[in-house]
Each structure stands twice: as C-alpha cells, then as structure tokens.
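Me: Hi! I'd like to go through this structure with you, a few questions at a time.
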Amino acid sequence: MENLTQIAHNVYFTLKDKSPEAQLKLVKACQKYLSGHPGCVFFAAGVLTEELNRPVNDRAFQVALHVIFDSLESQNAYQVAERHLQFIEENKENWESVRVFDSTVGS
C-alpha cells in the first residue's frame, strides 16, 4: 500500500444534448479549465468509444475526464480552484448526470 500515493479522479458525464457538437464542446471545456492544475501528473478528456460495446462496458456516458494528481492535497486544491468552479458553472446546464470515481493509485 505504500506505493499508492496518487489520486485518480475519473468523471463520466451523461449529457442532455448528446450530439457530437455538444460532446466536443465539453471536451474542449475540460481541456481549457481542468488541465494544468498544480499537482496534476496526467490529464485526458474524450468521448465514449462506440466500437467497444462488450457486455462489461458501461456506456451510460458521452464524455470522460481522467486526471491523476500527485497527492490528496493537490486533488483537494483542484476541487476549489477557480477554473474548476468556472468549468462547472459554464457547463452544468447540459449535464443529465455526473459520476465521479476517485481512487488512490500508484505505479
């Protein structure tokens, strides 16, 4: 367990407007507001892979966000950062649901 020191923050957005344009708009907003925060060691945002449709695949989302932080402190600071809060305010209107999966990870 001593190697588990990073925080993985995975967010899955189900949109009201599921159009490709709305999906791309949210991905771009993720890139603008959620990348480059202090302590972020990995960032990615993208869309559901349509070709992967196995019985185990959860397909109840359109946009996914993946951020790895170097520590719990960095993740906590991100949660209250102005850019993070601005992202929520500017985009929440099109969210049908948001599911957040946080875990402690290591390599």
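Me: Which residues of helix 2 (residues 72-79) are buried?
Reply: Happy to help! This is a predicted model, where local features need pLDDT of at least 70, side-chain atom pairs count only at pLDDT 80 or more, and totals for chains, interfaces and linings use all residues. Residues are numbered from 1 along each chain as its sequence is written, and side-chain values use heavy atoms, leaving out hydrogens and water. Buried means under 20% relative accessible area with a 1.4 Å probe, protein chains only, and helices are DSSP runs of H or I with at least four residues, strands E runs of at least two, numbered from the N terminus; in helix 2 the buried residues are S74, Q75 and Y78.

Me: Where on helix 2 do its buried residues lie?
Reply: Look down the helix axis and take the directions from it to the C-beta atoms. The buried residues of helix 2 fall within an arc of 100 degrees, so they line one face of the helix.

Me: Which element gives the most to the largest nonpolar core?
Reply: Such a core is a set of buried Ala, Val, Leu, Ile, Met, Phe, Trp, Tyr and Cys residues joined through side-chain atoms within 4.5 Å. The largest one has 17 residues. Strand 1, helix 1 and strand 3 each supply at least two of them, and the most, six residues, come from helix 1.

Me: Is A64 buried or exposed?
Reply: A64 sits in strand 3 and touches V11, Y12, A44, A45 and G46, leaving aside residues up to four places away in sequence (contact means heavy atoms within 4.5 Å). Its relative accessibility is 7%, so A64 counts as buried.

Key:
Buried < 20%, exposed > 50% of the residue type's maximum accessible area, 1.4 Å probe, protein only.
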